[in-house]
Amino acid sequence: RAFYQILHFVFTDQIEPVLTFEICLELMRKADEYFLGAIYDQAFEILKQSITKQNVLKIFTQTGLFAAPDDDEQILLPDVIDACVDFIQKNRRDVYLSEYIE
């Protein structure tokens with residue numbers, strides 16, 4: 001799915017604006033790995049718009065911060081970590097009282 005978005009970008013100079021956060025994270029990792037800054041930036045903007053109290057903790061756990069040391073697939077995404085922490089700080093009560101917190 002991320003590869004399709006990279007191809008789509010090559011031909012249109014845009015990624016599709018309706019992506020799941022999982023695809024955005026995958027796309028950001030590939031863009032970071034291959035130095036595709038414009039793709040990274042667009043995916044990050046879409047991801048920031050998709051953060052909700054229902055998915056912020058799931059996104060946060062997939063940032064690579066909690067990856068095993070030998071897991072090369074989990075490139076650390078500090079921008080996403082910062083966005084999640086910022087969202088949680090601004091919506092602390094809703095996130096902590098959410099039925100989605102485990």
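In this predicted model, helix α2 contributes a set of buried residues, namely F21, I23, C24, L25, L27, M28, R29 and A31. The cover over these buried positions includes α1, α3, α4 (56-61) and α5. The length of α2 also fits expectation: with 13 residues at 1.5 Å a residue, the helix should span 18 Å, and its end C-alpha atoms do lie 18 Å apart. Past the end of α2 comes F35, a residue with a positive phi near 55 degrees.

A helix pair is conveniently summarised by two quantities, the angle between the axes and the distance between them. For helix α1 (residues 2-12) and helix α2 (residues 21-33), the angle is about 65 degrees and the axes are 9 Å apart. The two helices cross in a right-handed sense. On the α1 side the contact involves A2, Q5 and I6, which meet E26, L27 and K30 of α2. Sorted by class, this contact holds three nonpolar residues, one polar residue and two charged ones. L27 thus appears twice here, as a buried residue of α2 and as a partner in the contact with α1.

Turning to the other pair, helix α3 (residues 37-50) and helix α5 (residues 78-90) have axes that come within 11 Å and cross at roughly 20 degrees. Because angles under 35 degrees count as roughly parallel, α3 is described as roughly parallel to α5. The crossing of α3 past α5 is right-handed. Y40, F44, L47 and K48 supply the α3 side of the contact, while D79, V80 and A83 supply the α5 side. Five of these residues are nonpolar and two are charged, with no polar residue in the contact.

Conventions:
Residues numbered from 1 in each chain as written. Predicted model: local features only at pLDDT ≥ 70, side-chain atom pairs only at ≥ 80, totals over all residues. Heavy atoms only, no water. Axes fitted to C-alpha atoms, helices over the stretch in contact; angles between N-to-C directions. Helix = DSSP H or I, 4+ residues; strand = E, 2+ residues; numbered from the N terminus. Parallel < 35°, antiparallel > 145°, perpendicular 65-115°, else oblique. Left-handed = near helix turned anticlockwise from the far one by under 90°. Contact = heavy atoms within 4.5 Å. Nonpolar A, V, L, I, M, F, W, Y, C, P; charged D, E, K, R; others polar. Expected span 1.5 Å × (residues − 1). Buried < 20%, exposed > 50% of the residue type's maximum accessible area, 1.4 Å probe, protein only.
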